Every structure is written in structure tokens, then in C-alpha cells.
Amino acid sequence: MPVQLTAILYLVSSVLFILALRGLSSPASSRTGNIFGITGMVIAVVTTIANLQAFTETIVWVVIALAIGGAIGTLLARRIQMTAMPQLVAAMHSLVGLAAVLVAAAAFYDQEAFGIATNGELHFASRIEMSLGIVIGIITFSGSLVAFAKLQGLVSGNPLVFKGQHILNAALGLGIVALIVAFCIDPRQELLWAVTLLAFIVGFLVILPIGGADMPVVVSMLNSYSGWAAAGIGFTLLNPALIVTGALVGSSGAILSYIMCKGMNRSLFNVILGGFGGETVVAGGLKVDRPFKAGSADDAAFIMQNAGKVIIVPGYGMAVSQAQHALREMGDKLKEHGVEVKYAIHPVAGRMPGHMNVLLAEANVSYDEVFELEQINSDFQTADVAFVIGANDVTNPAARDDPKSPIYGMPILDVDKAKTVLFVKRSMASGYAGIDNDLFYKDNTMMLLADAKKMVEDIVKGFH
Amino acid sequence: MHDIYSFVSLLTVFVMACFVGYYVVWSVTPALHTPLMSVTNAISSVIIVGALIAAGASARFDASKLYGLAAIVLAAINIFGGFVVTARMLAMYKKKAK
């Protein structure tokens, strides 16, 4: 294939990738976008294969490898439950990271094939790109493994903090920089593997102290890293398609991390330093037994079917108890009673960006009934019922009113402005930040203490 | 090929692509942030290009080729998995007739 044609085909696939992301600006155009993405990938892969130096000798192996990976990937993607999506995405990030490391290593051992050496001497720029690509790739790999383990519940979602953690991380970081410098001066394989090992450990240590509720930020951040790793490899291969794609993915993850941080009113730095966001951290607050009003499913059913407007606020608890289908049924029943039903979603609800939206979509909730925080917050004043299910801190009025609260400044859904708040919760325990929620004790709040799914099902039975 | 000109032009491509990414991703609706992550996952696996080059460089079975083949498997898992799961999710976003 002529060099120019190859270059143009790579350009076409880069453009298709941009269009794939562009399609996601609305659900209606998103499906076409995905087709663009797939086409772009097919073009990139076919172009590369057609240009292989040893095409006839290796094509069988390449196809076998593709088939194995393709079969595993398709099977996983078809089987996975929507509630497990954060784990799947974390696992996939780790694969991108590891693949980037393997490609960099392959380039190191076959420098001629990659055109990055003259007279057996590895180019200086390639030394930098290669070592950076490996470092970012392996950090993505080990970091995502930890994120996966936390999301899957294999290790505790609580932040694991130990003394001297930051000093250890800093020391390892300096070690990595020193080794990269050494590798640039004298590109020996021992140095490359030493860098890999150190960066691998750093990936673990950086993600371990971050708590479960901060996972949306972590998952977005690792998404970003996987993009930068791809871009790094692109520089090594002198391939603009990889560079463009890597930059797209890198900025995508960075923007998502920013949105998530803003949703919690915390800086990225603060999240990475960790130690926040466990399920049981007690943030120094005194536990006082305060009176609250508990209600039954029948009470809730009665209140809601006589309401004019109900806003449903789902959170991670809904995902945990798989309550989304029952919830949609409840919404349908309410609509039969002539009640206006809307869904309000906080940016950091769930364990990854957009987590709640996917679950509601899975349950067949029409997407024009689902609203983001800015779109719906003023609606609570006119709502008769705010139905909070599995969310907690994102509704805590202390974030708005109490400057002393650790979550002060975090944007919240103003559910307390609704006439009645129905709060579905497993028990009276506090939220992830260990902060008591004043909302529970308000006169217009009724606590529905039960498993989310069971409670919603009982409410549906309670409608007349 | 790897002279200063090509590095600068690639850097230009990189910086421009970051800007394109910035504007394109801000236009993504928050409701589709999860599919955004899964599809970016799939497309960042375009590093399979590097894996293919490593695996198909020569008929010899050396370290480079093994790394390349392993990377093909990993990247293919991601590509197929990412696109399939994105399609699955996007198919669920429906607007019901009222």
C-alpha cells in the first residue's frame, strides 16, 4: 500500500473517532456515532494489517489473536449486568494500560521494525516516549486493578491509609524519574523493567487510599490515563491516528474527572491524596439520637398517588438493590394516577459518571423524564413529593447551609424544598462521609426504612 | 523519519486533537457519560495498531512478537467489548411516545 494512502486511511479513522464522540451529544445521534467508531476501528486495523512487513507468514497468528480477544470481549459485553458497568469499565482500563506496556516493550525489543533506531542506536526522543508510555500504561493497569477490586467488593471500599504513605509515594515517584533519566542516557532493558516495576507499585498505592464514593473520579481519571498512554505509543510509532485518539480519550477522561470533582466540591488533588470517602468514616460528629418520622409503604403509596408532582432522586443504593425496574413500575403507576413524574440525577450519584442514567434507561425510563441537577433543582419548590432512593449526601442541606460541615459547598439537590420528602434507606446510619443528614429529622420528611427494591415493590402494591 | 520536523508536526497534531477533544466532550450530554467511557475505552484500544506491527514484523518468533500477540488479544477484548457494550447501552436510551 502506498505510504500516502496509508496515511490518509489513518486520517479517516481519526475523523470517524471524533464523530463517534460527537454522536454522544444526544441519545438520538449516539447510535450512529457508535457505528462511526466501529468503522474507524475497522479501517485502522485493516490498514495496519495490509501493511505488515511479514504479512503472509504472520497473518494466521494475528487473526487467531484477534479472534480470541474478540470472542472474550463480546461475551463479556453481552453478559455483563448494567449495575456492574463501573467494574467492567475499570477492568477495560486496566487492559488498555497493559496493552500499552506490551506494545512499548515490543517496540524496545524490535526497534528496527518500528523504525525508532538507526545503526542499532535507539533514538533519544523514542527513549523518552517509550519510558513515559510504559509508566503511564502500567500505572493505569495497576490502578485500574485496585479500582476494579474495590468496585467488585473484593477489597474494602474504605480508604486504606497508613503512616508515611505520601512520603513513600513521593520517594517512588522520584525513583521513577531517576530511572527514566538513566534510561534516556543508556537505554538498557534492566532500567526499563525497573521503571515498570516501580510504576506498577505506585499505581496500587495511589488508588488504595481512595474511598468507594470517590470512585467516579478515579474511574474518570484512569480513563484519561489510558488515553495518554495511547498517545504516548502513538509518538513512538509516529502514528497520528493513535495520537489523535489518545488525545481525545485523554481529554475526555480529564473533563469527566473535572465534572465529578466539581460535583463534590473537591479538588482533584484532594481526591488523589485520599483518605476520604469510606463507608464508615466518622468525621468527628457526635451521634445523637434524634426523633424522626418513620412511615410504611402504604403511607408512601397514599401520599404519592394523591400528589400532583413527584421527583425521584436515585443514588448508589438503588444500584446496589437493583431497584430500577421496580422504580419504573412505580413511576408508571403514578402516571396512571395522573401524577407528573420526573427523575433528578446528581452528577456524582453512583460509582461512575452517568451510572444512574444507564440504569434508568435499562429499566425503560424515557430519557426525557430524566434531568440533571441544574435543570431540575428549581422544580423541587413546586414538587409535592421528593422520593429519595439510595442517595444521601447529595441531598444533605448542610452542604448548602452549614459552613462547618465537611461537605459544605458541594452542590446538592434541594429535595428539602419539596412539600414532603420520602427517604428510602436501609437504616439510620450516616452516608459515606459519616455526616448526619438533617433532612432525616425534618417535619416534612418521612423515613422509609427498608431495602430499596422491597420498599418500592411494596409501595406499588399499596396503590389503589 | 524521526527527525525534528516530524516530532514537531506530531506534537501539533496532538495539541490540536486535545482541543478538539475538549470541545467535543463538553458537548456530550451527561446522561451519556457512561457510554462515553465505554466507547473511549474501545477507541483508545487503537493501540492495537502497535501490537499488530510488533506481531507482524517478521516470521521469527521472538520476544517482540510474543508481546505483540499478547497485546493484540488484550486490545481486541477491549475493542469488541467496548463497542458491543456501548451499543447495548445506547439501544436502551429510548424516548417513549406520549
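**Strand 8, Val244(A) and chain B**

Me: In this predicted model, is strand 8 (residues 445-449) of chain A largely enclosed by the rest of the structure or open, and how many of its five residues are buried?
Reply: A residue counts as buried when its relative accessible area is under 20%. Strand 8 of chain A is largely enclosed by the rest of the structure, because the number of its five residues that are buried is four.

Me: Which residue of strand 8 of chain A is the bridge partner of Leu422(A)?
Reply: Strand 7 (residues 420-425) of chain A runs parallel to strand 8 of chain A, and five bridges join the two. Looking at Leu422(A), we find that its bridge partner in strand 8 is Met446(A).

Me: Is Val244(A) buried or exposed, and what is its relative accessible area?
Reply: Val244(A) has its place in helix 9 (residues 240-264) of chain A. Since the cut-off for buried is under 20%, Val244(A) counts as buried, with a relative accessible area of 11%.

Me: Which residues of chain B does Val244(A) touch, leaving out residues up to four places away in sequence?
Reply: With those sequence neighbours left out, Val244(A) touches Ser14(A) and Ile18(A) in chain A. On the side of chain B, the residues that Val244(A) touches are Val13(B) and Ala17(B).

Me: What is the radius of gyration of chain B, set against that of a compact globule of 98 residues?
Reply: Chain B has four helices and zero strands, and its C-alpha atoms fill a box of roughly 65 × 35 × 15 Å along the principal axes. A compact globule of 98 residues would have a radius of gyration near 13 Å, whereas the value for chain B is 18 Å.

Technical notes:
Residues numbered from 1 in each chain as written. Chains lettered and ligands numbered in written order. Predicted model: local features only at pLDDT ≥ 70, side-chain atom pairs only at ≥ 80, totals over all residues. Heavy atoms only, no water. Buried < 20%, exposed > 50% of the residue type's maximum accessible area, 1.4 Å probe, protein only. Contact = heavy atoms within 4.5 Å. Pairing = 2+ DSSP bridges. Rg over C-alpha atoms; globule rule 2.2 N^0.38 Å.
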